[in-house]
Amino acid sequence: GKINEQLRDQELSFLSITVDPANDSPEVLNRYAQDFGASPPRWLFLTDQPYKIKQLGEQVFEVPIGNNPEDHTHTEDLLLVDKWGRFRDRFRWSDPADVKRLNQIVKQVCAETEPPLEQTFRTRNVVAGQPPINLNTRQWVREFHLTDSDEKTFYSRELTGQVWIGNFFFT
């Protein structure tokens, strides 16, 4: 909520994806969104089958998603994706220095008018066991679809042309 407020002047969207779909039904997600003053289309809360969430988290964003309810841990990572669907960086919402950096990078990315086709970005993308070169050359986010809190299918392509920040959480 605080980061949404800090970035209120920027044209971007937030996607909060539950890691506990068994408990985080669309109804629960709607109540949770109301508690944060979150409303579509700026801030969407998404759920779906556990395997789809796990695949998105682990294969696209390299965020570990557990198989069992006791494994569900939300991540402190905010994942920034640019207007063309390229993963740009990750930030820890609990780290004031990272939140400051997030504000700066979001403004830069929102101001871009050309896709960064041949650029390599240095990120704070720390994942155990990954060679550093792989962490600094992240590619484009593959298209995905999940279910929103109104029980409608959300397609990631709906965000084409928009900067967005994703995170994985549970209520």
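Visitor: Where is glutamate 62 found along the chain?

Guide: Glutamate 62 sits in the loop between α3 and β3. Please keep in mind that this is a predicted model.

Visitor: What is the phi of glutamate 62?

Guide: Its phi is positive, about 55 degrees, although glutamate 62 is not a glycine.

Visitor: How do I read its accessibility: buried, partly exposed or exposed?

Guide: The idea is to compare the relative accessible area with two limits, since buried means under 20% and exposed means over 50%. Glutamate 62 has a relative accessible area of 22%, so this residue is partly exposed.

Visitor: Which residue in the loop between β5 and β6 has a similar question attached to it?

Guide: Look at glutamate 151, which is found in that loop between β5 and β6. Its phi is near 65 degrees, again a positive value in a residue other than glycine. Glutamate 151 is exposed because its relative accessible area is 63%.

Visitor: Let us step back to the whole fold. How many helices and strands does the protein chain have?

Guide: The chain has five helices and seven strands. Going along the sequence, their order is α-β-α-β-α-β-β-α-α-β-β-β.

Visitor: What share of the residues count as buried?

Guide: Of the 171 residues in the protein chain, 48% count as buried. Contacts can be sorted by sequence separation too: among those between residues at least 6 apart, 71% join residues at least 24 apart.

Visitor: Which residues make a good example of such a pairing in space, starting from glutamate 11?

Guide: Glutamate 11 and cysteine 110 are 99 residues apart in sequence, and their C-alpha atoms are 6.9 Å apart in space. Not counting residues up to four places away in sequence, glutamate 11 touches Cys110 and Val163. Glutamate 11 itself belongs to the loop between α1 (2-6) and β1. With a relative accessible area of 71%, glutamate 11 is exposed.

Visitor: Now the interior. Which residues of the largest nonpolar core touch the most other members?

Guide: That core has 21 residues, and the ones touching the most other members are Leu15, Leu56, Phe61, Phe144 and Phe168. Two or more residues come from each of β1 (12-18), β2, α3 (50-60), β3 (77-81) and β7 (163-169). The largest share, three residues, is supplied by α3. Apart from this core lies another one, of 20 residues, including Leu7, Leu80, Val106 and Cys110.

Visitor: With which side chains does aspartate 77 make polar contacts?

Guide: There are two to look at. The side chain of aspartate 77 makes a polar contact with that of arginine 90 at 3.1 Å, and another with the side chain of arginine 92 at 3.2 Å. Aspartate 77 is part of strand β3. Its relative accessible area is 7%, so aspartate 77 is buried.

Visitor: And how should I think about finding pockets?

Guide: Rolling a probe the size of a water molecule over the atoms shows where empty space is left. Here, the second largest pocket holds about 270 Å³ of space. It is lined by 19 residues, and those closest to its centre are Pro40, Pro41, Trp43, Leu44 and Asp148.

Visitor: Which elements supply at least two residues of that lining, and what is its make-up by class?

Guide: The elements are α2 (26-35), β2 (43-47) and β6 (153-155). By class, the lining has nine nonpolar, seven polar and three charged residues.

Visitor: Is the peptide bond from proline 40 to proline 41 cis or trans?

Guide: That bond is cis, with omega near 0 degrees. Proline 41 lies in the loop between α2 and β2.

Visitor: Is tryptophan 43 buried or exposed?

Guide: Tryptophan 43 counts as buried because its relative accessibility is 9%. This tryptophan is found in strand β2. Its C-alpha atom is 9.4 Å from that of isoleucine 165, a residue 122 places away along the chain.

Visitor: Finally, which residues is threonine 147 in contact with?

Guide: Leaving aside neighbours within four places in sequence, threonine 147 contacts Phe45, Leu46, Thr47, Asp48 and Lys152. With aspartate 48, the side chains are joined by a polar contact of 3.0 Å. Threonine 147 has its place in strand β5 (residues 145-148).

Key
Residues numbered from 1 in each chain as written. Predicted model: local features only at pLDDT ≥ 70, side-chain atom pairs only at ≥ 80, totals over all residues. Heavy atoms only, no water. Helix = DSSP H or I, 4+ residues; strand = E, 2+ residues; numbered from the N terminus. Polar contact = N/O pair within 3.5 Å; in protein donor to acceptor, adjacent residues only side chain to side chain. Contact = heavy atoms within 4.5 Å. 1 Å grid on protein atoms, 1.4 Å probe; cavity = no way out; pocket = protein on both sides within 12 Å on 5 of 7 lines; lining within 4 Å. Points joined across faces, edges and corners; volume = space filled by probe spheres on them. Nonpolar A, V, L, I, M, F, W, Y, C, P; charged D, E, K, R; others polar. Core = buried A, V, L, I, M, F, W, Y, C linked by side-chain atoms within 4.5 Å. Buried < 20%, exposed > 50% of the residue type's maximum accessible area, 1.4 Å probe, protein only.
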